Amino acid sequence: MRDGRLLAWVLADPSRAQQLDHAAWTEILSMAHAEKLLGSLAAQLKGQTVPAAAQNVLKRARLATDNERQIALWEAEMARRALAPLGITPILLKGAALAAAGVSAATGRHIGDLDILVPRDRLEEAEAAILAAGWEWAKPDPYDDLYYRRWMHELPPMIHRERDRMIDVHHTILPLTTRQTPDAEALVSGARKLECGLSVLAPEDMIIHAVAHLFADGDLQGGLRNLWDIDRMILEFSAVPDFWLRLKARAQRHQLSIHLARALRLCHHIFETPVEGALAGDARKADVFYVGKLLARNGWGQETRKLLAFAFYIRSHWIRMPPLLLMRHLWTKWWREKGTAKP
């Protein structure tokens with residue numbers, strides 16, 4: 001059985017699909033499905049000669065991601081309408097932002113929840129307007145509510161009572177407890193207004209947000225898909241003069257230079273992305289663990305290297321909170337779950 005490198009190898013150069021045998025096709029489709037990269041793979045392989053069975057799978061994936069895109073853009077429009085009376089223009093994040101901006105990274109991309117960014121000093125107004133427009137708390141819980149409002153970079157998740165769609169309302173891009181403190185005001189002031197009345201982050205900030213989400217806020221679950229986003233954005237945005245200088249400056253402003261360097265190294269290593277060598281820097285010993293985690297899939301699409309995954313799970317908590325706060329939070333969560341557990 002091979003790992004996720006097979007999937008990355010074909011994504012980076014679709015012509016390589018001609019070299020796949022029947023077993024390899026089974027493996028690559030399984031891994032792409034597990035990584036939520038099936039639509040991206042389908043988009044990359046459009047026009048390539050593939051086996052009939054695989055073509056059927058890829059065709060369905062294209063239809064599914066096209067449908068997800070339409071739903072995501074409609075949800076974004078609903079958020080815009082909810083906030084328009086307040087004079088607040090929601091800044092789209094993640095998949096919806098890529099789709100609304102027409103960025104090539106959106107082609108075939110899986111899009112889940114709607115993520116928006118609003119100025120922190122307008123957060124209470126935005127919250128009230130969104131609740132009035134039909135969204136409600138997904139999991140009402142006093143402790144979780146306090147945790148989100150005191151320590152996190154977003155409100156507790158909400159879901160629309162009729163459309164059953166989630167929305168995450170951010171006021172910055174990393175939890176307030178992390179070691180890095182991105183400049184939320186710079187993110188908002190640098191956002192670009194779209195013709196549809198919505199906004200998206202500046203190109204460099206879109207990459208920085210993807211980098212932050214991947215390396216400074218989580219356990220790398222779904223990491224290969226996030227790294228693919230970064231690869232696609234770099235290929236498109238780097239055609240603009242002075243791109244690398246601006247990207248470096250934004251990474252410094254948001255205190256994410258180290259994470260950006262690692263993202264560039266891993267993009268180049270896994271997807272053969274052309275990157276600025278001086279900005280990526282030399283390889284680090286820890287890079288091998290990140291590569292191992294990002295490619296941890298077998299031919300059935302199952303996650304492998306469970307011990308490494310657990311280590312990144314521990315890391316995700318460690319980088320999010322100071323030790324004492326982390327211990328208190330985990331103790332509280334454990335005690336609450338123990339108290340609600342059924343005998």
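This passage walks through the sheet, one helix, the internal spaces and a few individual residues of a predicted model.

The sheet is a good place to start. Strands of a sheet pair through backbone hydrogen bonds, either parallel or antiparallel. Here, seven strands make up an open sheet with mixed pairing, arranged in the order E3-E4-E5-E2-E1-E7-E6. The edges are taken by strand E3 (135-137) and strand E6 (192-193); each has a single partner strand, so one side of each is left without a neighbour in the sheet. At the E3 edge, the partner is strand E4 (residues 158-160), which runs antiparallel to E3 and is joined to it by three bridges. Within this pair, tryptophan 135 sits opposite histidine 160 of E4.

Helix H6 (residues 123-132) has as its buried residues Leu123, Ala126, Glu127, Ala129 and Ile130. A charged residue is thus on that list, since Glu counts as charged and Glu127 is buried. The partners of these buried residues include both helices and strands: they pack against helix H4 (52-83) and helix H7 (142-151), and also against strand E2 (114-117), E3, E4 and strand E5 (166-170). After H6 comes glycine 134, with a positive phi near 115°.

Backbone angles deserve a short look of their own. Most residues other than glycine have a negative phi, and most peptide bonds are trans. Aspartate 164, which is not a glycine, nevertheless has a positive phi of about 60°. Aspartate 164 belongs to the loop between E4 and E5, and it counts as exposed because its relative accessibility is 56%, where the cut-off for that class is over 50%. Glutamate 272 is likewise a residue other than glycine with a positive phi, in this case near 65°. The loop between H12 and helix H13 (277-280) holds glutamate 272, whose relative accessibility of 41% makes it partly exposed.

Next come the spaces that the protein leaves empty. Rolling a probe the size of a water molecule over the atoms shows where empty space is left. The largest pocket contains about 950 Å³ of space. Its lining is made up of 38 residues, and those nearest the centre of the pocket are Lys94, Asp115, Asp168, His213 and Arg225. Two or more lining residues come from each of strand E1 (91-93), helix H5 (94-101), E5, helix H9 (203-215) and H10. By class, the lining of the largest pocket comprises 14 nonpolar, 12 polar and 12 charged residues.

Enclosed spaces are also present, with two cavities of 30 Å³ or more. The largest cavity holds about 80 Å³. Its walls are formed by Glu35, Leu220, Gln221, Gly222, Gly223, Leu224, Lys293, Leu294, Leu295, Ala296, Arg297 and Glu303. Helix H10 (223-237) and helix H14 (287-294) are the elements that give two or more residues to this lining, which has five nonpolar, three polar and four charged residues. The second largest cavity has a volume of about 40 Å³. Ala72, Glu75, Ile111, Gly112, Asp113, Leu114, Arg165 and Met166 surround this second space, a lining of four nonpolar, one polar and three charged residues.

Two further residues round out the picture. Histidine 254 is placed in the loop between helix H11 (243-253) and helix H12 (257-271), and it counts as buried because its relative accessibility is 0%. Proline 182 is 72 residues away from histidine 254 in sequence, yet the C-alpha atoms of the two are 4.0 Å apart. Beyond its neighbours within four places in sequence, histidine 254 contacts Gln180, Thr181, Pro182, Asp183, Ala186, Leu187, Asp205 and Ile208. One of these residues, aspartate 183, has its backbone nitrogen 3.1 Å from a polar atom of the histidine 254 side chain.

Serine 30, in turn, is part of helix H2 (residues 22-34). With a relative accessible area of 21%, serine 30 is partly exposed, as the buried class is kept for values under 20%. Its side chain reaches back to the backbone oxygen of threonine 26, at 2.8 Å. Residues up to four places away in sequence aside, serine 30 touches Gly299, Trp300 and Gly301. Glutamate 127, 97 residues from serine 30 along the chain, has its C-alpha atom 40 Å from that of serine 30.

Notes
Residues are numbered from 1 along each chain as its sequence is written. This is a predicted model: local features need pLDDT of at least 70, side-chain atom pairs count only at pLDDT 80 or more; totals for chains, interfaces and linings use all residues. Side-chain values use heavy atoms; hydrogens and water are left out. Helices (H or I, at least four residues) and strands (E, at least two) are DSSP runs, numbered from the N terminus. Buried means under 20% relative accessible area, exposed over 50%, partly exposed in between (1.4 Å probe, protein chains only). Contact means heavy atoms within 4.5 Å. A polar contact is a pair of N or O atoms within 3.5 Å; within protein, one must be able to donate a hydrogen and the other to accept it, and residues adjacent in sequence count only if both atoms are side-chain atoms. On a 1 Å grid over the protein atoms alone, a cavity is a set of points where a 1.4 Å probe fits but cannot get out, and a pocket is an open set with protein on both sides within 12 Å along at least five of seven lines; lining residues have an atom within 4 Å of a point. Grid points are joined across faces, edges and corners, and a volume is the space filled by probe spheres set on the points. Two strands pair if DSSP finds at least two bridges between them.
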